Amino acid sequence: MFKVFIKVMLFSLAVTGAYTWYSNSIPQVTSKPPEDIGDLIKPETTSDDLVKFGKKIFYAKGQCTLCHSMGTKGDRAPDLANAGGMAAKRKAGMSAVDYLAQSLYDPNTYVVDGYTPTMPAVYKNPIALSDGEILAVVAFLQSLGGKVTVDGKTKFAVAETARAKVEKPADGPEGLMAKYQCNTCHDMKGTAKLVGPPLSDIGAKKDKAYIKEAIVEPAKVIAEGYPPVMPADYAQKVPAKEIEKMVDYLAGLKGGK
Amino acid sequence: MHSSADVDKHPSVSKGILKGVIKVSVILLLIYAIVELFIGRLPQADYRAFPLTGSRIAIWIVAQVHLLFGAFVLAVPLFALICEIIALKTKDERYNQLAYEFVKLLHMAFTTTAIFGALLLIALIGLYPKFFDHMTKIFKPTYYVYVFLLFGEVIAFYVYYYSWHKLVGRPLHIVYGALLNFFGISIMVAANAWAAYMQTPGGVDESGNLVSLWGAINTYTWMPINIHRTIANISYGGSIAGAYAAFRFLAAESDEERARYDWMGYVGSFIAIAALLPLPFAGYFLTMEMYAFSQQMGITLMGGVFSWLFIIQAVLIGVLFLAANYYLWLGMMRIKGSERYSKYNKWLLVVVTICVIVWMTPHSIVASLEEARKMGGTHHPILGVLGVMSAKNTAVNIMILATFLSFILYKRANKIATVSWAKTGALVQGLVLAIAVGINIFYGIYGYFVEAIVRLGFSNYMVYAVLGAMLIVIAIDIPMFKGARTTGPIAWGKMPGRSQYALFLLAITFTWTMGLMGYARSGIREYWHVYGILRDKAPDAFTPTLGYAANIVSVTTLLFLGLVALIVALGIRAEKSGKAH
């Protein structure tokens, strides 16, 4: 029995050793906690220094390259190789710097065609960029095909408005309705006919199954008199738990009855 | 049956319970005393250093060994209960003997689990006080539930264990077994809530203040982890049982003993493989929920610093599948009539090997600047195409189907169906498997031409095709082989020694994979104790290299295997002294 025991132990050592050797032979990367650059950015920081800091944040703490590409079409998020040049043309009447700041603080207000609203607000955890660091990233993005117009003294009004807007409880159903911007097309409190029908009394008219179908397969249940413009990809991009929460919430909207 | 010495040395159920309750109480009191008398008197700090290894490695090793033993003591009762139910249904007493063989080992395994659990708790309170305070602030009520469940499990175990000889084979004993499993799984579910909260927190505001305890428990990954770990534990229990049987087989002194342990190894591997097949789907579910919680986390996991970890995982799972198939193919050697099917083994080997190779193909490869220039980038022009999800999903699913087919062929090796529709049935089974493979290849190729979000949706169809095919084939197989003619009995014990090493390979690889994937799940939090809520500001908050992680995983695996070997050796010694007595 002892002989068998020794053989088995040697076999265990050999197998474990093989896995250890293999794991040590592939690329080895240590990921360090990001360096906080925010304290280095002061009112007297020049545009050039901001660009340098911004580049560092873009590739490290900001984790931007997890989704954004540089010079090739991005699968998950737009290519930013010409971000400074494109930003000015994205939204009529909006300057490049405002567009870029908006995209970082409140990223899902304007989503580039062909992409889903998945970008996180970068001032929040887990990325948690400070206002100074976001300013630096804006400077870096402007430098990509555009003119850098910001310096250490620049402040963004959107920093406050975005915080006020996004800091709604995302866990609750109302927070979810806001997160997925249902109120952009539906009147949630009154009876106004917007792009889609009002939903303030949807629970009194329709059951849960209908409401769920309207979210996950909107083409099947188009309300009479409204265009078929409800996005069809909620089933893919909204987690099932959140859909259930929204369905329960909507089923409870009885128009004050 | 069991020897009278076995029965005599057991105390009564009530004495056994008392012994167990005292043991757990002493461990809990010791923890309390150490925390109050030593740690409580240390100066306030967010982190404290541990000599030689540092705090992180100390916690890592203790937590991993505790977790492996936790899996063991959860897996064995699950395994024993399944065996007992089969024994009751088939009236085959061998299953009860098999169950008892492992239940005997639980005694010491529970104690070892508890000791490592206590060490983990002391280490967390002592070395990471800020983190432990945060967890206590959120989860304090669940700690009481945990202690209640712990006593429940101990009592249920002693009732189950000490009533074995009196009640085995009766439904009441199965109820005791179910109760033991209820407490065991509940303990796992409670601990999973803490781990899932650390990874995908919920129920707290952005500053980490508790908003809803249920929200903190029922996070995105809680249920997927519960499902994944339960299935994995069944598989793990089977693999450990298989390894134990393999050891006893190789050390057997008589043909009778060899036959017994050969059969035991087969049952263990059967349960391990049966549970292994749906495991990747539970893994998909877990990963999907991670993505649902945070795309960023999902992307870091699959495409960021952790992407190479999945190449290692592919190698490990590939080894698991190859070892499982190899064992089944060798097993056919002891079955008269299996020649009809064993000719397909080489083709199944080719399919499984190709699938493993595709799965372990990295998207980008390590290349010098010159090599990269020659290739036109770090993505190899051919291999780069295989290293993406479309190809990998297809490969994994076909590998699962191939292993399933091995399984089906093994099961029918000494049987000839006698029902009138046997040919049609076999044809439909073949067709269903071919359609499932076709669906996977179709969506695998189509996936290259669509957006990522659409491609993700395809993986659902591919999974449904595989699961559906397996269910249909089994549904046809059961009635088709009812009352089948046999070509001869299985010659248990007539297995080459190398087949037993396939069983060891399964158990070692399972253990190592658990360690690696545990690291992936914890490591994905990067520099956060609680992702996005409580930042890790300890000196070793960095995410180490895969090589570094692999070294620790190997240490914990060997430590665990060594301790299990010790428990088994003591069990065998007790068995021998019982026989001598």
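Me: Let's start with burial. What share of the 581 residues in chain B is buried?

Reply: Happy to. Burial can be read from how many C-beta atoms crowd around a residue's own, with 20 or more within 10 Å as the cut-off. In chain B, 46% of the 581 residues are buried. Keep in mind that this is a predicted model. For chain A, 28% of the 257 residues count as buried.

Me: How do I read the overall form of chain B, and which elements is it built from?

Reply: Count the elements, then look at the radius of gyration. Chain B has 22 helices and 4 strands. Its radius of gyration is 25 Å, close to the 25 Å from the globule rule for 581 residues, so chain B is as compact as a globular protein of that length. Along the principal axes, the C-alpha atoms of chain B fill a box of roughly 80 × 75 × 40 Å.

Me: And what does the radius of gyration look like for chain A?

Reply: Here the rule and the model part ways. Chain A has a radius of gyration of 25 Å, but a compact globule of 257 residues would have one near 18 Å. The box around the C-alpha atoms of chain A is roughly 80 × 70 × 30 Å along the principal axes. As for secondary structure, chain A comes to 11 helices and 0 strands.

Me: Into which domains is chain A divided?

Reply: There are domain 1 (38–166) and domain 2 (173–251). The C-alpha centres of these two domains of chain A lie 31 Å apart.

Me: What can contacts within a chain tell me about sequence separation?

Reply: Set aside the pairs that are close in sequence, then ask what share of the rest joins distant positions. In chain B, 81% of the contacts between residues at least 6 apart join residues at least 24 apart. In chain A, residues 24 or more positions apart account for 60% of the contacts with a separation of 6 or more.

Me: Could you show me one pair of that kind? Which residue has its C-alpha atom 7.2 Å from that of Ile85(B)?

Reply: That is Ile174(B): the two are 89 residues apart along the chain, yet their C-alpha atoms are separated by 7.2 Å. Ile85(B) itself is found in helix 3 (residues 55–90) of chain B. With 16 other C-beta atoms within 10 Å, Ile85(B) is partly exposed.

Me: How many residues of chain A are in contact with chain B?

Reply: For an interface, count the residues on each side, then ask which elements supply them. Here 34 residues of chain A are in contact with 45 residues of chain B. Helix 1 (residues 2–25) of chain A gives the most to the side of chain A that touches chain B, with 11 residues. That side of chain A divides into 16 nonpolar, 13 polar and 5 charged residues.

Me: Now a single helix. Which residues of helix 9 of chain A are buried?

Reply: The idea is to see where the buried residues point around the helix axis. In helix 9 (residues 208–216) of chain A, the buried ones are Ile211(A), Lys212(A) and Ala214(A). They cover an arc of only 160 degrees around the axis, so they lie on the same side of helix 9 of chain A. The buried residues of helix 9 pack against helix 8 (202–205) and helix 11 (240–251) of chain A.

Me: What about the backbone? Where is there a cis peptide bond?

Reply: Look at omega. A cis peptide bond joins Asn125(A) and Pro126(A), with omega about 5 degrees. Pro126(A) lies in the loop between helix 4 (96–105) and helix 5 (131–143) of chain A.

Me: Which residues other than glycine have a positive phi?

Reply: Among them are Ala128(A), with phi near 55 degrees, and Leu52(B), with phi of about 65 degrees. Ala128(A) is found in the loop between helix 4 and helix 5 of chain A. It has 15 C-beta neighbours inside 10 Å and counts as partly exposed. Leu52(B) sits in the loop between helix 2 (13–37) and helix 3 of chain B, and is exposed, with 6 other C-beta atoms within 10 Å.

Me: Last one: what confidence does the predictor give?

Reply: Read it per residue and for the whole complex. The mean pLDDT of chain B is 88, and 93% of its residues reach 70 or more. Over residues 1–8 of chain B the pLDDT is below 50, and this stretch has 9 contacts in the model beyond near neighbours in sequence. For the complex, the predictor gives an ipTM of 0.89 and a pTM of 0.81.

Methods. Residues numbered from 1 in each chain as written. Chains lettered and ligands numbered in written order. Predicted model: local features only at pLDDT ≥ 70, side-chain atom pairs only at ≥ 80, totals over all residues. Contact = placed C-beta atoms within 7 Å. Helix = DSSP H or I, 4+ residues; strand = E, 2+ residues; numbered from the N terminus. Nonpolar A, V, L, I, M, F, W, Y, C, P; charged D, E, K, R; others polar. Domains from an automatic or database assignment. Rg over C-alpha atoms; globule rule 2.2 N^0.38 Å. Buried ≥ 20, exposed ≤ 12 C-beta atoms within 10 Å, placed from the backbone. Arc of directions from axis to C-beta. pLDDT = per-residue confidence, 0-100.
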